[in-house]
Amino acid sequence: METNNVDYTELSRAIVLGASALGAGTAMIAGIGPGIGEGYAVGKACESIGRQPESSGAVTRTMFIGCAVAESTGIYGLLVALLLMFANPFINKVSG
Amino acid sequence: MSISDFLRGSPDGVDVSGPKIVCSFDLGGLTINLTETIVLSWGIILVVTLLLLWLTSDLKTKDISKKQAVAEWAVKTVYGLVEDTMGKRWRWFAPYIGALFTFSILGSLISMLGLRSVTADFNVPLTWALITFVLIHGTNIKTHGFGGYLKGYVDPVPVMLPINILSEIATPVSMSLRHFGNVVSGMVITSLLYYALSVITAKIGVAFMTIGIPAVMSLYFDLFSGFMQAFIFIMLTMVYISNADGNAET
């Protein structure tokens with residue numbers, strides 16, 4: 001029986017690249033969380049400054065620190081997306 | 001992409017890769033790579049050392065010069081911040097915080113000169129985060145004793161043991177990834193912006209859009225982001241260490 005040796009290299013590369021592109025886009029959905037959370041935090045900060053204007057320096061500083069910490073999960077999503085787009089770790093495993 | 005490519009408007013694509021290796025040593029089977037990061041870090045150390053030597057030359061008690069006023073303001077700010085966050089007991093910790101902040105912010109700001117940020121190499125924030133990790137656990141053991149330290153893991157319920165271990169591991173991972181991720185994403189976005197502007201310039205032929213716009217954008221991505229991340233890193237270091245200390249007195 002004759003076996004046809006079909007070369008699947010091109011197809012595998014195409015699948016990996018397409019899936020990486022989809023994954024990079026999906027990873028950015030992680031940007032919703034910090035958007036909502038930090039918006040809420042800034043709203044609360046504005047409220048407290050309105051209630052007590054002389055605390056505005058301390059409130060602003062604390063708000064910035066809190067926002068930068070809450071931002072970190074969004075940055076993780078961006079990091080995954082950038083890795084998939086520019087330094088794809090999967091593509092070296094399929095090129096034969 | 002280089003400055004000449006950018007001004008000429010010849011788009012070659014975005015190149016986002018790790019720090020280049022300047023030279024390699026081979027020490028008996030072990031290869032040591034001298035990367036861009038190491039060279040630039042030593043450059044920063046040299047510049048800061050010379051700057052500090054200049055600032056602290058010629059100190060007087062009365063009738064101080066302007067540079068002595070700047071030096072005194074810097075020292076007062078750092079010591080004040082450490083005392084506010086950690087309490088008076090930790091006043092001796094301020095030199096490490098000052099050095100870390102200076103290194104971090106200069107390492108990120110170097111990207112405004114066209115060089116690759118020192119903090120865009122994951123080894124650098126990882127090292128600082130691991131130093132903080134060792135300091136946290138060392139302080140914990142020193143304050144509570146080794147038995148108290150181990151008992152803290154099963155506090156309040158023994159079921160919490162895996163969660164406590166996980167949150168201890170998450171501390172250096174999140175600190176380093178946050179700093180690294182912010183700086184690297186700023187670097188990638190800036191290089192994408194340069195690429196896009198140079199594509200437009202190649203079509204038009206006149207380099208009028210490549211001047212000015214990247215400078216304004218890099219105010220946010222490089223300057224603000226680098227400063228905020230350095231500040232957050234030292235604030236988190238101080239807060240974690242003073243939490244591990246536990247005693248809330250001065």
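Trainee: How many helices and strands are there in chain B?

Mentor: In this predicted model, chain B holds seven helices and two strands. Read from the N terminus, the order of its elements is α-β-β-α-α-α-α-α-α.

Trainee: What confidence does the predictor attach to chain B, and what ipTM and pTM does it give the complex?

Mentor: The mean pLDDT of chain B is 85, with 91% of its residues at 70 or more. Residues 5–11 of chain B stand apart from that picture, with a pLDDT below 50. In the model this stretch nevertheless has 18 contacts beyond near neighbours in sequence. Where pLDDT is low, the predicted coordinates should not be read in detail. For the complex, the ipTM is 0.75 and the pTM is 0.84.

Trainee: What radius of gyration does chain B have, and what would a compact globule of 250 residues have?

Mentor: A compact globule of 250 residues would come out near 18 Å, whereas chain B has 22 Å. Its C-alpha trace spans about 70 × 60 × 45 Å along the principal axes. Buried residues account for 22% of the 250 residues. As for the contacts in chain B with a separation of 6 or more, 65% join residues 24 or more positions apart.

Trainee: How should the length of a helix be checked, taking α3 of chain B as the case?

Mentor: The check compares an expected span, at 1.5 Å a residue, with the distance between the end C-alpha atoms. Helix α3 of chain B covers residues 66–86, which is 21 residues, so a span of 30 Å is expected; its end C-alpha atoms are 30 Å apart, in agreement. After α3(B) comes Gly87(B), with a positive phi near 95 degrees.

Trainee: Which residues other than glycine have a positive phi in the loop between α2 and α3 of chain B?

Mentor: The general idea comes first. Most residues other than glycine have a negative phi. Here, Asp58(B) has a positive phi near 70 degrees, and Asp63(B) has one of about 60 degrees. Asp58(B) lies in the loop between α2 (36–55) and α3 of chain B, and Asp63(B) is likewise found in the loop between α2 and α3.

Trainee: Are Asp58(B) and Asp63(B) buried or exposed?

Mentor: A residue counts as exposed if 12 or fewer other C-beta atoms lie within 10 Å of its own. Asp58(B) has 10 such neighbours and is therefore exposed. Asp63(B) has 6 and is therefore exposed too.

Trainee: Which residues have the most contacts inside the largest nonpolar core?

Mentor: In soluble globular proteins, nonpolar side chains tend to be buried together. The largest core here has 19 residues, and those with the most contacts inside it are Phe233(B), Ile234(B) and Met238(B). Two or more residues come from each of α3, α4 (94–109), α5 (123–151) and α7 (213–245) of chain B. The largest share, six residues, is that of α7(B). Leaving aside residues up to four places away in sequence, Ile234(B) touches Ile97(B), Leu100(B) and Phe101(B). A second, separate core of six residues includes Ala120(B), Leu177(B), Val184(B) and Met187(B).

Trainee: Which residues does Pro19(B) touch, not counting those up to four places away in sequence?

Mentor: Pro19(B) is in the loop between α1 (3–8) and β1 (21–27) of chain B. It touches Thr35(B), Glu36(B), Thr37(B), Arg116(B) and Asp121(B). Pro19(B) and Arg116(B) are 97 residues apart in sequence, yet their C-alpha atoms are 7.4 Å apart. With 18 C-beta neighbours inside 10 Å, Pro19(B) counts as partly exposed.

Trainee: How many residues of chain A and of chain B are in contact with each other?

Mentor: 12 residues of chain A are in contact with 11 residues of chain B. On the side of chain A that touches chain B, α3 (56–70) and α4 (72–86) of chain A each supply at least two residues. The largest share, seven residues, comes from α4(A). By class, this side of chain A has 11 nonpolar residues, one polar residue and no charged residues.

Trainee: Where is Ile65(A) placed, and which residues of chain B does it touch?

Mentor: Ile65(A) is in helix α3 of chain A. It touches Ile232(B) and Met235(B). Having 16 other C-beta atoms within 10 Å, Ile65(A) is partly exposed.

Definitions and conventions:
Residues are numbered from 1 along each chain as its sequence is written. Chains are lettered from A and ligands numbered from 1 in the order in which they are written. This is a predicted model: local features need pLDDT of at least 70, side-chain atom pairs count only at pLDDT 80 or more; totals for chains, interfaces and linings use all residues. Helices (H or I, at least four residues) and strands (E, at least two) are DSSP runs, numbered from the N terminus. The expected span of a helix is 1.5 Å times one less than its number of residues. pLDDT is the predictor's confidence in each residue, from 0 to 100. Two residues are in contact if their C-beta atoms, placed from the backbone, lie within 7 Å. The radius of gyration is taken over C-alpha atoms; the globule rule is 2.2 Å times the number of residues to the power 0.38. A residue is buried if 20 or more other C-beta atoms lie within 10 Å of its own, exposed if 12 or fewer, and partly exposed in between; C-beta atoms are placed from the backbone. Ala, Val, Leu, Ile, Met, Phe, Trp, Tyr, Cys and Pro count as nonpolar, Asp, Glu, Lys and Arg as charged, and the others, Gly among them, as polar. A nonpolar core is a set of buried Ala, Val, Leu, Ile, Met, Phe, Trp, Tyr and Cys residues joined through C-beta atoms within 7 Å.
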